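Here's a quick briefing on one structure, sorted by topic. Have a look at the model first, then read on.

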Amino acid sequence: MVDVKIDRRVGLLVLSLVLVFGGGALGYWGHTAGGSVSVQDVQFEGTNGTTMSGHLYVPEGVSAENPAPGVLAVHGYINTKQVQAPFATEYARRGYVVLALDQTGHGGSEPPAFANAFGGPDGLAYLQSRSMVANDSIALSGHSMGGWAITAAAAVHPRKYDAAIYQGSGPGPIPGFPIPNATAPNGSATFPRNVGVVFAEYDEFHWLMWGAPSADSAAVRSATKTKAVFGAESAVEEGQIYGSVESGSARKLTTPATTHPGTHLSGAAVADSVEWLQRTVPTETDLSPTNQVWYWKEVGTLLALFGAVLFVFPAGSLLLDRDPFAAAVGAVPDAVTERGGWWYANAAVAAILPALTYYPAMILGDQMLSANAIFPQTITNGVAIWALVNTLLTVALVGIWHVRRDGDGDALTQLGLGTGERGGAVVRALGVAVAVVGAVYLSLVVVATLFNVDYRFWFVALKLLQPWHVGAFLVYLPVFGAFFVALGALLHGRLRTPATTTSLRRAMATNTVIVVGGFVLLVAAQYVPLLLGHALAAPPLALYAIVSLSFLPVLTAAAVISTYFYHRTGRVWTGAFVNAVLITWFLVASTATQAPI
């Protein structure tokens, strides 16, 4: 039996690595359009000496001797250059040199976020300076806040571009959204030049980008700002071209059936952007806008992400068989509760409280705990406050339930908090977490070096840390460590039944429902009104609603990891520490850093 178990784990380990490297290779193929586009990492110096980062897409055959038109493509808030890959790859396939830029404070561009007009003017100046770019023929493309970056670029360098494409975005002003040192000038019928607007039918930011009461096409088309930018006296007609390309006044609106973040994965949105680019800044390539290959990158990096998470299970289990890590393993104690009315009531409380505290915590983090040298990331601050609040609530609830149900006995063992001799179980568990997640990180280093991709699907990604991320990672790690320890005690101590003790699969399914169920309801409460009425239930909370989407896969993975390692060790420590290291890495590397370094 032992040999079969080891063989199975080794098989899973091999499968995870096949997914990681096979997915990376497929991602590379999609990203480079089968090798016909070179994707290069570039860094350059921006305003005030800020180091800027980007991906430079160079079509085959383009050089200083044979220059091509250029496109500056800029992502939105708390994203990075990689999310613009669908647009950038398809632009490059049609003969454009594309700079997919990391905004300041995002990805590989130095903090603080929002500085230097989001980095847009510096990105345009850099692209225009490249000898392979026909610098009298450049377009701008921006998603969400990236639209403000390209608007600023157009204002600072009015003679360095010919057209602008806004995806889920629009030119300034930025109503009710004060950002120090960041401006996006007003749009008009003549500024920016040749504007294409790709605004999703269910875009969460209709109120922010266009001042429309909903994302419904009629509401966006009739908005005062829309009519001003299009130079129209009545509602703008979708698909109709206003003005002329020659005078720079051309305008066109399309509304693909997706959401604000969904624009990144919409073939229709990509096609609409490509069509406008080909119309306003043409190349010699007439490839149809609907001929697309970008999705292979998304498939590949999704496989790699799944493989990276899968790797954690067999790698951790194999380590726990060996000294000195075996000291982290103990016997799984008997369950302390049966599944009945009491259990369902408490499971419901455990599921609903994290969802109920989500928006208040995020607002508190945004408004009360400003990014600073110690806690430099606004979004991570909000998530950390949420984690801290729920840690305290969980400790209180577990304590009350323990006293009321069975106050005697070895409480620490019952709750999965046994520490072993001299705390050895805790130390060994931390060692397993560092070793396993460290191995995942090293695999990403190799994949990024070989294939120039990361582990991701959409905007859920494991990315390489930048130097300024390291300090933030160490500061936020204890907060999430405490949260996952408390969560483990709740799931495996207070809510574990005889059925979930004997069946790992049932335990994983049950705990996933408890951990994720409240957020499923929270997302539904916001997005059902959006899908039915073209507006979120609470439109001003759109940013947090979009962030909450990532909680679904992340918390699912956390519940499964926690449950697996509890069944493997009889204690919460290994699963909690693996989750803390992995998810703190995910948060810190993937969001924006608002405080200067």
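Setting aside neighbours within four places in sequence, Arg94 is in contact with Val274, Gln278, Thr283, Thr285, Leu287, Ser288, Pro289 and Asn291. Bear in mind that this is a predicted model. The notes below start with that arginine, then move on to the strand that follows its loop, a helix and the nonpolar cores.

**Arg94**
- Arg94 sits in the loop between α2 and β4.
- Is Arg94 buried or exposed? Its relative accessible area is 0%, and buried means under 20%, so Arg94 counts as buried.
- A polar atom of the Arg94 side chain lies 3.4 Å from the backbone oxygen of Leu287, and Leu287 is also one of the residues on the contact list of Arg94.

**Strand β4 and its partners**
- β4 covers residues 97-101, and five of those five residues are buried, so the strand is largely enclosed by the rest of the structure.
- Cover comes on both faces: Val97, Leu99 and Leu101 are buried on one side, and Val98 and Ala100 are buried on the other.
- Which strand pairs with β4 in the antiparallel sense? That's β2 (residues 51-59), over four bridges, and His55 has Ala100 as its bridge partner in β4.
- β3 (residues 68-74) runs parallel to β4, and five bridges join the two; Gly70, for instance, has Val97 as its bridge partner in β4.
- Put β3 and β4 together with helix α2 (residues 85-93) and you get a right-handed β-α-β unit.

**Helix α10**
- The 16 residues of α10 (residues 341-356) should span 22 Å at 1.5 Å a residue, and the end C-alpha atoms are 22 Å apart, so the two agree.
- Buried residues in α10 are Trp343, Asn346, Ala347, Ala350, Ala351, Pro354 and Ala355.

**Nonpolar cores**
- The largest nonpolar core has 151 residues, and the members touching the most others are Leu99, Tyr358, Trp386, Tyr455, Phe484 and Trp585.
- Which helix gives the most to this core? It's α18 (residues 542-569), with 15 residues.
- There's also a second, separate core of 27 residues, with Val39, Ala88, Tyr91 and Tyr96 among them.
- Back in the largest core, Leu99 is the β4 residue already met on the same side as Val97 and Leu101.
- Tyr455, leaving out residues up to four places away in sequence, touches Val20, Thr301, Ala304, Leu305, Ala308, Val440, Ser443, Leu444, Val447, Val460, Ala461 and Leu462.

Key:
Residues numbered from 1 in each chain as written. Predicted model: local features only at pLDDT ≥ 70, side-chain atom pairs only at ≥ 80, totals over all residues. Heavy atoms only, no water. Buried < 20%, exposed > 50% of the residue type's maximum accessible area, 1.4 Å probe, protein only. Pairing = 2+ DSSP bridges. Right-handed = clockwise from strand over helix to strand, strands pointing away. Polar contact = N/O pair within 3.5 Å; in protein donor to acceptor, adjacent residues only side chain to side chain. Contact = heavy atoms within 4.5 Å. Expected span 1.5 Å × (residues − 1). Core = buried A, V, L, I, M, F, W, Y, C linked by side-chain atoms within 4.5 Å.
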